[in-house]
Amino acid sequence: MLRKSFAALVPLAGTSRPLHTTAVCSEIRKMARLRVVDNSEIGKRAMAEGKPPKCIHVYNKQSVGMIGDKVLVAIKGQKKKGILVGCKQFQKPKIPKFDSNNLVLIDDNGTPLGTRIHVPIPTILRTILKEKTQAKGADYTKLLGIASRFV
C-alpha cells in the first residue's frame, strides 16, 4: 500500500504552490538572471530593488550566451538589449571566469546606456567586439571606451 504524507502535498504557508528547487545553472540561457554592471538609471533601479534582469533571448546559433554575445533582457517591465561582459560558466583558455553573469545595457545601435562600467572586463572582449562591429550596424567601440579596468 502506497502512502503519501499530508505534509508533502500541502504547499508552504503563504504560497499558492509547492516550493520548486533546481540546480544552479551557470550557463546564460533563457530566464537566466544577470547582473547589470554599468551605471545606467534603469539598471541601478532594478538591482537596488532586488529584481535583476532576466534573459529573454540570446543572439547566436547555440542559444547559450558567451562573453561578447548580445542578449535581449526583461528589466523593469521593459525589453532592453545588452552585451555580456562576464560569465560564470567554464570558459575557453585565456578567458577569465567570473563570479556572476555580468551585463552592460546598450541601445539598438550599440551605444551603452551608462557612462561607466564598475567591474573589470576581459581584454579578449576587445577582439571579440571589434569583429562584431559593422560599418553600418552596431558600434561597440564606445563600450570599450567606458570600461575603466581590464583583466
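## Reading a five-stranded sheet and its surroundings

Modeller: Let's begin with the sheet: five strands make an open sheet, ordered E1-E5-E4-E3-E2, with mixed pairing. Please keep in mind that this is a predicted model.

Biologist: Which strands are the edge strands?

Modeller: An edge strand pairs on one side only, and here those strands are E1 and E2.

Biologist: And how does the sheet fit into the chain as a whole? How many helices and strands are there?

Modeller: The protein chain has four helices and five strands. Read from the N terminus, the elements follow the pattern α-β-α-β-β-β-β-α-α. Of the contacts with a separation of 6 or more, 54% are between residues 24 or more positions apart.

Biologist: I'd like to read the strand pairing properly. What should I look for?

Modeller: The general idea is that strands of a sheet pair through backbone hydrogen bonds, in either a parallel or an antiparallel sense. In this structure, E5 is a good strand to practise on. Strand E1, residues 35–36, pairs with E5 in the parallel sense over two bridges. Arg35 has Asn102 as its bridge partner in E5, and Val36 has Leu103. Strand E4, residues 78–86, runs antiparallel to E5, and five bridges join the two. One bridge partner to look up there is Leu105 in E5, which faces Gly82.

Biologist: Is E5 mostly covered or mostly open?

Modeller: Strand E5, residues 102–106, is mostly covered, as five of its five residues are buried. To read a strand, sort its residues by the way they point. Asn102, Val104 and Ile106 point one way from E5, while Leu103 and Leu105 point the other way, and all of them are buried. Across the protein chain, buried residues make up 37% of the 151 residues.

Biologist: How many residues does the largest nonpolar core have, and which of them have the most contacts inside it?

Modeller: The largest nonpolar core has 32 residues, and Leu34, Val71, Leu103 and Ile117 have the most contacts within it. Helices H2, H3 and H4 and strands E2, E3, E4 and E5 each supply at least two residues of this core. E5 gives the most, with four residues.

Biologist: Leu103 has now come up several times. Which residues is Leu103 in contact with?

Modeller: Set aside the neighbours within four places in sequence, and the contacts of Leu103 include Leu34, Val36, Pro53, Val71, Val73, Gly82 and Leu84. Try selecting Leu103 in the viewer and finding these contacts.

Biologist: Let's turn to charged pairs. How many salt bridges does a search of the whole structure find?

Modeller: The search finds two salt bridges. For each pair, check the N to O distance, then where the two residues lie along the chain. In one of them, Lys76 joins Glu49, with the closest N and O atoms 2.8 Å apart. Lys76 is in the loop between E3 and E4 and Glu49 is in the loop between H2 and E2, so the pair ties together parts 27 residues apart in sequence. Lys76 is partly exposed at 34% relative accessible area, and Glu49 is also partly exposed, at 46%.

Biologist: And what about Lys81 and Asp108?

Modeller: Their side chains meet in a salt bridge, at 3.7 Å from N to O. This pair links distant parts of the chain, with Lys81 in strand E4 and Asp108 in the loop between E5 and H3, 27 residues apart. Lys81 counts as partly exposed at 21% relative accessibility, whereas Asp108 is exposed at 65%.

Biologist: How many disulfides are there?

Modeller: The count is zero, taking a disulfide as two cysteine sulfur atoms within 2.5 Å. Two cysteines to look at are Cys55, buried at 1% relative accessibility, and Cys87, buried at 0%.

Biologist: One last feature, the backbone angles. Where does Met31 lie, and how should I read that residue?

Modeller: Check the sign of phi, and whether the residue is a glycine. Met31 is not a glycine, yet has a positive phi of about 70 degrees. Met31 lies in the loop between helix H1 and E1 and counts as exposed at 58% relative accessibility. Ser63, another residue other than glycine, has a positive phi near 60 degrees. Ser63 is found in the loop between E2 and E3 and is partly exposed, with a relative accessible area of 40%.

Technical notes
Residues are numbered from 1 along each chain as its sequence is written. This is a predicted model: local features need pLDDT of at least 70, side-chain atom pairs count only at pLDDT 80 or more; totals for chains, interfaces and linings use all residues. Side-chain values use heavy atoms; hydrogens and water are left out. Buried means under 20% relative accessible area, exposed over 50%, partly exposed in between (1.4 Å probe, protein chains only). Contact means heavy atoms within 4.5 Å. Two strands pair if DSSP finds at least two bridges between them. A nonpolar core is a set of buried Ala, Val, Leu, Ile, Met, Phe, Trp, Tyr and Cys residues joined through side-chain atoms within 4.5 Å. A salt bridge is a side-chain nitrogen of Lys or Arg within 4 Å of a carboxyl oxygen of Asp or Glu.
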